[in-house]
Amino acid sequence: MKKYVKNPEVVEAIRFSTNNEPGDTQMNRIVTWLRTNGIIAAHNGTDVVIDLPSGKALLVSVGDWILIRGDGTVYIATNQYFESHFYECLHEWEPVEDENYDHCLICRATRPAQDQSCNDYI
Ligand SMILES: [Zn+2]
């Protein structure tokens with residue numbers, strides 16, 4: 001029988017780690033990141049609240065991870081789930097032909113070519 005591998009899913013994510021900072025620094029950063037990605041979000045000083053397209057509101061508690069999939073959908077994961085299913089991309093850089101930047105073969109992130117070092121390529 002043939003073997004099949006499920007493609008690893010690449011997400012952008014941040015752990016909501018504190019709601020106890022002067023000026024709500026992390027919560028403001030999370031809400032700005034979500035809004036930049038077209039997601040309606042706010043915080044009330046304690047929790048982050050995300051409005052889903054379905055009309056349902058998602059309440060994010062301290063300790064949870066907020067993830068944005070490649071298709072722009074957002075979801076929440078507990079720290080236990082996140083740590084057992086995701087790892088930070090270690091980037092495998094490949095030059096993009098005729099462009100002065102590299103891209104990561106795994107997550108598709110880009111970086112300027114001048115940041116290359118000679119041992120980067122696999
Ligand atoms: Zn990467």
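Donors are N, O and S atoms within 2.8 Å of the metal (3.2 Å for Na, K and Ca), and sites may look incomplete because water is not among the atoms. The structure is a predicted model, in which local features need pLDDT of at least 70 and side-chain atom pairs count only at pLDDT 80 or more, while totals for chains, interfaces and linings use all residues. Residues are numbered from 1 along each chain as its sequence is written, and side-chain values use heavy atoms, with hydrogens and water left out.

The donor residues of the zinc ion follow the spacing C-x1-H-x12-C-x2-C in sequence. Coordination is by Cys89 (SG), His91 (ND1), Cys104 (SG) and Cys107 (SG), at 2.1 to 2.4 Å. The angles among the four donor atoms are 102 to 114 degrees, and the site is tetrahedral (four donors with all angles between 85 and 135 degrees). For four tetrahedral donors, the ideal angle at a metal is 109.5 degrees. Cys104 counts as buried because its relative accessibility is 0% (buried means under 20% relative accessible area, exposed over 50%, partly exposed in between, with a 1.4 Å probe and protein chains only).

The domain assignment, which is automatic or from a database, gives domain 1 (3-88) and domain 2 (90-122). The centres of the two domains, taken over C-alpha atoms, are separated by 27 Å.

Ser17 has 45% relative accessibility and therefore counts as partly exposed. Apart from neighbours within four places in sequence, Ser17 is in contact (heavy atoms within 4.5 Å) with Gln26 and Val62. Ser17 and Val62 are 45 residues apart along the chain, and 5.4 Å separates their C-alpha atoms.

Key
Tetrahedral: all angles 85-135°; square planar, octahedral: opposite > 155°, others 65-115°.
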